[in-house]
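Dear colleague,

I am handing over the structure shown below, together with a short account of what was found in it. Please read the account with the structure open beside you.

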Amino acid sequence: MKVPIVKIICLLALAGTLGSSATAAQAGRENQQTVKKEFLKPGDVRSFAIEYVGKVSEIPAGTKRLRVWLPVPQDSTVQSIKELSFSQLPKLGTEPKYGNKIAYWEIENPGTKVELSMKFVCSRQEIHTDLDKLKDDGKDSAEAFGVFKRADKLVLVDDEMKKLSATITAGKTTTLDKAKAIYDYVLGKMTYDKKHEGWGQGSTRHACDVGKGNCTDFHALFNSLCRAQGIASGFEIGLYLPYEKGKQEPLGGYHCWAFFRVPGKTWVPVDCSEAGRFTEYRERFFGGHTANRVTLSTGRDITLTPKQAGEPLNYFLNPYAEADGKPVKTEKSWSYRDLN
């Protein structure tokens, strides 16, 4: 079953809200890794139109109800989303752990295949942090940003990580200096390599044992080592455009990146895997993110809204779907057009 593409502007008042209370949703939004503009230097802005197509294939014959969830991009201090529309009107919700926005559909008697599309315009600001303003820590409350200091299923914060992190940061006294030492260690430890088994899960164990992987593995190790020092550190995932405007390349993949928090001040971006791939930009990617990206979701081990029957998601990038309560295969494709 292919849902006809009809332009639907998704106003929250029309789509309705789902899930947790307003208080829980607000708590999640506070766990977005917000970059404060007063700590930024001027940077480029890139605007582009995106079409994201979610495909649910291999739906078992006789399925009575298909449930589908899609990650929905949202505004931040460095990202503006406009003209959001879907091929079929969803219900929109916000999960309470990280404040991710989610589109949700229930489709009765779906057939064997379903396709749902999402369109939007994104303006993304380059993040170029003024690190001189972050040489001294401020102060956050002890309970603030706790979700970014604890372990995830594959992001370890155990005795081994604490010992390793202590060795890496020995003699460093500020968050900025500790994070830079961890960043340098990750780049020395990891090689960008997807030609081996086990890459792409975002596993600290895999990163430590193999020393190879993609962006998820680089940033799992960075997150673990920061958290082992008590530094709040998190993860975002989304779409990644070619650096050169107007250049068309095969798309459909993804990219992820990380942040750490300087207490009392701001979240600071890093992109360890891009720094590993393009060593000439090593310094640029400590405190900087290019503008050729769209954040779709934050965090790991995500329980959707409304709650899925399956396990929490390792990360939320592709559509997730369940046929009569059982997970089924999904995939995505996407395309873009530069607007400036």
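Please bear in mind that this is a predicted model. The account begins with one pair of charged side chains: E126 and R284 form a salt bridge, with 3.7 Å from N to O. E126 sits in the loop between β8 (114–125) and β9 (127–128), while R284 belongs to the loop between α7 (272–277) and β15 (288–289), so this contact ties together parts that lie 158 residues apart in sequence. The two partners may also be described by their accessibility. E126 has a relative accessible area of 15% and is therefore buried, as the limit for that class is under 20%. R284, at 38%, counts as partly exposed.

In total, the structure holds 16 salt bridges. Two further examples deserve your attention.

In one of them, D184 pairs with R282, and their closest N and O atoms are 3.5 Å apart. This pair links distant parts of the chain, 98 residues apart: D184 is in helix α4 (residues 175–189), and R282 is in the loop between α7 and β15. Both residues are partly exposed, D184 at 27% and R282 at 32%.

In the other, D193 meets K212, with 3.6 Å between the closest N and O atoms. D193 lies in the loop between β10 (191–192) and α5 (204–210), and K212 in strand β11 (residues 212–213), 19 residues apart. D193 is buried at 18%, whereas K212 is partly exposed at 26%.

Finally, K180, D184, R282 and E283 are joined into one network by salt bridges that share partners.

With kind regards

Methods. Residues are numbered from 1 along each chain as its sequence is written. This is a predicted model: local features need pLDDT of at least 70, side-chain atom pairs count only at pLDDT 80 or more; totals for chains, interfaces and linings use all residues. Side-chain values use heavy atoms; hydrogens and water are left out. A salt bridge is a side-chain nitrogen of Lys or Arg within 4 Å of a carboxyl oxygen of Asp or Glu. Helices (H or I, at least four residues) and strands (E, at least two) are DSSP runs, numbered from the N terminus. Buried means under 20% relative accessible area, exposed over 50%, partly exposed in between (1.4 Å probe, protein chains only).
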